[in-house]
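Colleague: I'd like to learn how to read a model like this one, feature by feature. Could you walk me through it?

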Amino acid sequence: MPKDISEHIFVTSLPWISFTQMTHPIPQDKNTQTIPRICWGKYFERNGKLIMNLNIIVSRIFVDGYPLSKTFLKIQEYFDNPKNNLK
């Protein structure tokens, strides 16, 4: 495990359930408040499209909304074209 806290990222999945929001435990320790937290849930079909909820929690001190939106758009691009991205 990296000793530098800036090298950490918390990732989990809940493939058994769909969710509309997720609350991650955020300890009072300020060092761990900088660690991104990512969770995705069960995929399901809606109107002929596969849907999967994704939750990302980051500190506004370290991540601005614009780069985060670019990240979501890139993830969406991967999901929209899975055959092209799973070679």
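Colleague: Let's begin with strand pairing. Which residue in strand 3 does Ile38 stand opposite?

Modeller: Keep in mind throughout that this is a predicted model. The general idea is that strands of a sheet pair through backbone hydrogen bonds, either parallel or antiparallel. Here, Ile38 faces Ile56 of strand 3. Next to that pair, Arg37 has Ile57 in strand 3 as its bridge partner.

Colleague: In which sense do strand 2 and strand 3 pair, and over how many bridges?

Modeller: Strand 2, residues 37-46, runs antiparallel to strand 3, and 8 bridges join the two.

Colleague: How does that pair fit into the whole sheet?

Modeller: The sheet is open and has 3 strands in the order 1-2-3, with mixed pairing. Strand 1 (10-14) and strand 3 (49-57) are the edge strands, each pairing on one side only. On average, neighbouring strands of this sheet are turned by 20° against each other, direction ignored.

Colleague: And what order do the elements follow along the chain?

Modeller: Starting at the N terminus, the order is β-β-β-α-α, which gives 3 strands and 2 helices. The C-alpha atoms fill a box of roughly 45 × 25 × 25 Å along the principal axes. Of the 87 residues in the chain, 14% are buried.

Colleague: Let me ask about the turn between strand 2 and strand 3. Which residue there has a positive phi?

Modeller: Asn47 does: the hairpin has 2 residues between its strands, and Asn47 takes a positive phi near 55°. Note that Asn47 has this phi although it is not a glycine. Asn47 sits in the loop between strand 2 and strand 3.

Colleague: Is Asn47 buried or exposed?

Modeller: Asn47 counts as exposed because its relative accessible area is 76%, and the cut-off for exposed is over 50%.

Colleague: What about Lys42, how accessible is that residue?

Modeller: Lys42 belongs to strand 2. Its relative accessible area is 39%, so Lys42 is partly exposed. You can also use Lys42 to compare sequence with space: Lys42 and Asn53 are 11 residues apart in sequence, and their C-alpha atoms are 7.3 Å apart.

Colleague: Now to charges. How many salt bridges does the structure hold?

Modeller: As a general idea, side chains of opposite charge can pair when their charged atoms come close. This structure holds 1 salt bridge. It links Lys74 and Glu77, whose closest N and O atoms are 3.4 Å apart.

Colleague: Where do Lys74 and Glu77 lie?

Modeller: Both are in helix 1, 3 residues apart, which is about one turn of the helix. Lys74 counts as partly exposed because its relative accessibility is 38%. Glu77 is partly exposed too, at 40% relative accessibility.

Colleague: Last topic, pockets. What is the volume of the largest pocket?

Modeller: The largest pocket has a volume of about 400 Å³. A good habit is to look next at the lining. Among the lining residues are Tyr43, Leu50, Met52, Phe72, Ile75 and Phe79. The elements that give two or more residues to this lining are strand 3 and helix 1 (65-80).

Colleague: How does that lining divide into nonpolar, polar and charged residues?

Modeller: The lining has 8 nonpolar residues, 1 polar and 2 charged. Lys49 and Asp80 are in the lining, and Lys and Asp count as charged. Gln76 lines the pocket as well.

Conventions. Residues are numbered from 1 along each chain as its sequence is written. This is a predicted model: local features need pLDDT of at least 70, side-chain atom pairs count only at pLDDT 80 or more; totals for chains, interfaces and linings use all residues. Side-chain values use heavy atoms; hydrogens and water are left out. Two strands pair if DSSP finds at least two bridges between them. Helices (H or I, at least four residues) and strands (E, at least two) are DSSP runs, numbered from the N terminus. Axes are lines fitted to C-alpha atoms, for helices over the stretch in contact, and angles run from 0 to 180 degrees between N-to-C directions. On a 1 Å grid over the protein atoms alone, a cavity is a set of points where a 1.4 Å probe fits but cannot get out, and a pocket is an open set with protein on both sides within 12 Å along at least five of seven lines; lining residues have an atom within 4 Å of a point. Grid points are joined across faces, edges and corners, and a volume is the space filled by probe spheres set on the points. A salt bridge is a side-chain nitrogen of Lys or Arg within 4 Å of a carboxyl oxygen of Asp or Glu. Buried means under 20% relative accessible area, exposed over 50%, partly exposed in between (1.4 Å probe, protein chains only).
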